[in-house]
Amino acid sequence: MAYTINVDESLKNELTRYLQTDKNLDTRELLAAYIRVSQEHSKFKQEIEQISNKIPTL
């Protein structure tokens, strides 16, 4: 069964770093790529919060 997923261009670029785009993908591959991007986002968010906490408030 085939299906199409529409995403923003920026998310597409992030996901395709972890996917082979020259073949059909199964759901497991797509989910794994999404989880990797989510983990990167979560780590980045934590780093930003740590930096923000170090900045003195006015």
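Guide: Let's start with a term: a helix axis is a line fitted to C-alpha atoms over the stretch in contact, and angles run from 0 to 180 degrees between N-to-C directions. This is a predicted model, where local features need pLDDT of at least 70, side-chain atom pairs count only at pLDDT 80 or more, and totals for chains, interfaces and linings use all residues. Residues are numbered from 1 along each chain as its sequence is written, and side-chain values use heavy atoms, with hydrogens and water left out.

Visitor: Why is helix 1 called roughly perpendicular to helix 2?

Guide: Helix 1 (residues 9–16) and helix 2 (residues 27–54) pack at about 105°, their axes 9 Å apart. Roughly perpendicular covers 65 to 115 degrees, so helix 1 earns that label against helix 2.

Visitor: Which residues of helix 1 and helix 2 meet?

Guide: Leu-11, Glu-14 and Leu-15 of helix 1 meet Ala-33, Tyr-34, Val-37 and Glu-40 of helix 2, where contact means heavy atoms within 4.5 Å.

Visitor: What makes Ser-42 partly exposed?

Guide: Ser-42 sits in helix 2, and its relative accessible area is 34%. Buried means under 20%, exposed over 50%, and partly exposed in between (1.4 Å probe, protein chains only), so Ser-42 counts as partly exposed.

Visitor: How far apart are Ser-42 and Arg-17 in sequence and in space?

Guide: Ser-42 and Arg-17 are 25 residues apart in sequence, and 17 Å apart in space, C-alpha to C-alpha.

Definitions and conventions. Helix = DSSP H or I, 4+ residues; strand = E, 2+ residues; numbered from the N terminus. Parallel < 35°, antiparallel > 145°, perpendicular 65-115°, else oblique.
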